[in-house]
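Dear colleague,

Please find below the sequence and structure that I am handing over to you. My findings follow, arranged by topic.

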Amino acid sequence: MKNILIPLLCLAICACSNDDDDTSSKICNTADPLEDLSWLNDIKKTFEADLIPAGNQIIKYRYKEQDVFWIDSCVNCEDALIQIYNCTGAIICQKGGIAGLDDCPDFQSEATAMVILFNNVQN
C-alpha cells in the first residue's frame, strides 16, 4: 500500500499549479500593462504630458473573451473619439467623435471586468 501512496502523493504535489503561473490576475499576460506594453506606455506618457483640463483615461475591460483598452483622450468632451485597442495595440473599434462612430454597439452591454489603469481627470 505504501508503494502506491508515495508515487500518488508525488504526482498530486507535482500537479499543483504554481502561483507564479496564475494568469487570471494578469492583463494581456502581464502584471503591469502600462509599463510592459510599449504602445500603451507611449499613450500613457502622452497623457501624462497632456494639459487638457478634461483629462484622459485608460480603462481595461474584458470584451469578446479578450482584454481590451478603452482609450479616452478627452474625458467628457463633446465629440471626443474613444478608441478601443486589443493587447497588440490594434484598434478594434471606435466610439463617438464628430462622425458619431460606433463600431462596437454591444460594448457597453458586453464589456466586463473594468479596471481603471490611468486617470488624470481633474475635478
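I begin at one edge of the sheet, where G96 stands opposite L101 in β5. Please bear in mind throughout that this is a predicted model. Strand β4, which comprises residues 91-96, pairs with β5 in the antiparallel sense, over 2 bridges. These two strands belong to an open sheet of 6 strands, ordered β5-β4-β3-β2-β1-β6, with antiparallel pairing. Its edge strands are β5 (101-102) and β6, each of which pairs on one side only. In general terms, the strands of a sheet pair through backbone hydrogen bonds, in either a parallel or an antiparallel manner.

Helix α3 and the sheet

Helix α3 packs on the sheet and touches β1, β2, β3 and β6. The direction of α3 makes about 20° with that of β2. The helix consists of 12 residues (38-49), and at 1.5 Å a residue these should span 16 Å; the C-alpha atoms at its ends are 17 Å apart, which agrees.

Which residues of α3 are buried? They are W39, L40, N41, I43, K44 and F47. The elements that cover them include α2 (33-36) as well as the strands β1 (57-63), β2 (66-72), β3 (81-85) and β6 (112-119).

Three of these residues deserve individual mention. L40, located in helix α3, has a relative accessible area of 0% and is therefore buried. Setting aside neighbours within four places in sequence, L40 is in contact with P33, L34, I58, F69 and I71. L40 and I71 are 31 residues apart in sequence, and their C-alpha atoms are 9.5 Å apart in space.

N41 also belongs to helix α3. Its relative accessibility is 8%, and N41 therefore counts as buried. With neighbours within four places in sequence left aside, N41 is in contact with L34 and E35. The side chains of N41 and E35 make a polar contact at 3.3 Å.

The third residue, F47, introduces the next topic; at 5% relative accessibility, F47 counts as buried.

Aromatic pairs

How many aromatic pairs does the structure hold? There are 7. In one of them, F47 and F118 form a tilted pair, with 6.1 Å from centre to centre and 35° between the planes. Because F47 lies in helix α3 and F118 in strand β6, this pair ties together parts that are 71 residues apart in sequence. F118, like F47, counts as buried, at 11% relative accessibility.

A further pair is formed by Y63 and F107, whose ring centres are 4.8 Å apart; the planes stand at 50°, so the pair is tilted. Why does this pair tie together parts that are 44 residues apart in sequence? The reason is that Y63 lies in strand β1, whereas F107 lies in helix α4 (residues 107-110). Both residues are buried: Y63 has a relative accessibility of 3%, and F107 a relative accessible area of 2%. Y63 and F107 are also members of one aromatic cluster together with Y61 and W70.

The loop between β1 and β2

K64 is found in the loop between β1 and β2. At 58% relative accessibility, K64 counts as exposed. The C-alpha atoms of K64 and E110 are separated by 7.6 Å, although the two residues are 46 residues apart along the chain.

E65 is placed in the loop between β1 and β2 as well. Is E65 buried or exposed? With a relative accessible area of 73%, E65 is exposed, because the cut-off for that class is over 50%.

Two positive phi values

Most residues other than glycine have a negative phi. E65, although not a glycine, has a positive phi of about 65°. C28 is another non-glycine residue with a positive phi, in this case near 55°.

C28 lies in the loop between α1 (2-15) and α2. C28 counts as buried, because its relative accessibility of 13% falls under the 20% cut-off. E65, by contrast, is exposed.

Yours sincerely

Note on methods: Residues numbered from 1 in each chain as written. Predicted model: local features only at pLDDT ≥ 70, side-chain atom pairs only at ≥ 80, totals over all residues. Heavy atoms only, no water. Helix = DSSP H or I, 4+ residues; strand = E, 2+ residues; numbered from the N terminus. Expected span 1.5 Å × (residues − 1). Buried < 20%, exposed > 50% of the residue type's maximum accessible area, 1.4 Å probe, protein only. Contact = heavy atoms within 4.5 Å. Pairing = 2+ DSSP bridges. Axes fitted to C-alpha atoms, helices over the stretch in contact; angles between N-to-C directions. Polar contact = N/O pair within 3.5 Å; in protein donor to acceptor, adjacent residues only side chain to side chain. Phe/Tyr/Trp six-rings, centres within 6.5 Å; stacked < 30°, edge-to-face > 60°.
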